Amino acid sequence: RRRSKGPKRPAAPCDWDWEKLVADDLSRLDSAWCMLLDTPGLAEEVPLESRTAVLDCGFTCWTTSTTLTTTRCAVLFRRLLGVSMLSSAVVTYRDAFLFALSVHWDVDVARYDLSPEQSQAAFALVDLLAAVLTYGR
């Protein structure tokens with residue numbers, strides 16, 4: 001029997017609540033952002049008027065993760081987006097993800113300076129989000 005050596009997966013989507021993306025509790029915040037990263041179609045549940053605040057919180061508060069490792073992020077980006085991106089910092093993946101959300105949501109955020117690999121991942125995620133919006137989850 002094989003045991004998983006990676007971190008536990010976030011809670012099931014039935015526990016999803018977009019407001020946790022701006023939670024004061026860092027554990028809830030981390031769990032919510034990891035859930036969104038793992039299931040990007042949930043981004044459509046964030047109301048238009050809250051999207052800027054969600055992106056700001058993601059950028060300023062979601063700086064570490066107890067749920068994600070860089071290995072898990074690399075596997076997730078490869079599985080979801082078909083993009084090989086390797087980094088020793090979770091924020092590298094976070095920035096690509098947040099940039100993709102800002103493009104998808106049409107929210108102007110000027111604080112990203114992405115590498116070519118991050119840009120490739122971000123725009124692959126934009127395409128994925130568009131497909132989710134068009135064809136459903």
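Ser65 sits in the loop that runs between helix 2 and helix 3. In this predicted model, the residue is tucked away: Ser65 has a relative accessible area of 18%, so with the limit for burial set at under 20% it still counts as buried. The side chain of Ser65 has polar partners a little further along the chain. One of its polar atoms lies 2.7 Å from the backbone nitrogen of Leu68, and the backbone nitrogen of Thr67 lies 3.2 Å from a polar atom of the same side chain. Setting aside residues up to four places away in sequence, Ser65 also touches Asp30, Cys34 and Val90.

The loop that holds Ser65 also supplies a ring to the aromatic part of the picture, namely that of Trp62. Four aromatic pairs turn up in the structure. In one of them, Trp33 and Trp62 are stacked, with 5.4 Å from centre to centre and 15° between the planes. Trp33 belongs to helix 1 (residues 26–38), whereas Trp62 is in the loop between helix 2 (51–60) and helix 3 (70–81), so this pair ties together parts that are 29 residues apart in sequence. Both partners are hidden: Trp33 is buried at a relative accessible area of 0%, and Trp62 is buried at 4%. The pair is also part of a wider arrangement, as ring pairs link Trp33, Trp62 and Phe97 into a cluster.

A second pair, Phe77 with Tyr93, goes edge-to-face, at 5.2 Å centre to centre and 70° between the planes. Phe77 comes from helix 3 and Tyr93 from helix 4 (residues 90–105), so here the parts tied together are 16 residues apart in sequence. Again, both residues are buried, Phe77 with a relative accessible area of 3% and Tyr93 with 1%. A ring can have a charged partner too: Arg94 lies over the face of Phe59, 5.0 Å from the ring centre.

Now for the helices behind the edge-to-face pair. Helix 3 and helix 4 pack at about 35°, and their axes are 9 Å apart. Their crossing is left-handed. On the helix 3 side, the contact is made by Thr70, Cys73, Ala74 and Phe77, and on the helix 4 side by Val90, Tyr93 and Ala96. Phe77 and Tyr93 thus appear in this contact as well as in the aromatic pair. Val90, for its part, is also among the residues that Ser65 touches.

Further along, helix 5 (residues 116–135) is home to Val126. Val126 is another buried residue, at 14% relative accessibility. Leaving out neighbours within four places in sequence, Val126 is in contact with Ala100, Val103 and His104. Val126 and Phe97 are separated by 29 residues in sequence and by 9.1 Å in space, C-alpha to C-alpha. Phe97 is the residue that ring pairs link with Trp33 and Trp62.

Zooming out, the chain has five helices and zero strands, which reads along the sequence as α-α-α-α-α. Of its 137 residues, 47% count as buried. Among contacts between residues at least 6 apart in sequence, 66% join residues at least 24 apart.

Conventions. Residues numbered from 1 in each chain as written. Predicted model: local features only at pLDDT ≥ 70, side-chain atom pairs only at ≥ 80, totals over all residues. Heavy atoms only, no water. Phe/Tyr/Trp six-rings, centres within 6.5 Å; stacked < 30°, edge-to-face > 60°. Helix = DSSP H or I, 4+ residues; strand = E, 2+ residues; numbered from the N terminus. Buried < 20%, exposed > 50% of the residue type's maximum accessible area, 1.4 Å probe, protein only. Lys NZ or Arg CZ within 6 Å of the ring centre and 35° of its normal. Polar contact = N/O pair within 3.5 Å; in protein donor to acceptor, adjacent residues only side chain to side chain. Contact = heavy atoms within 4.5 Å. Axes fitted to C-alpha atoms, helices over the stretch in contact; angles between N-to-C directions. Left-handed = near helix turned anticlockwise from the far one by under 90°.
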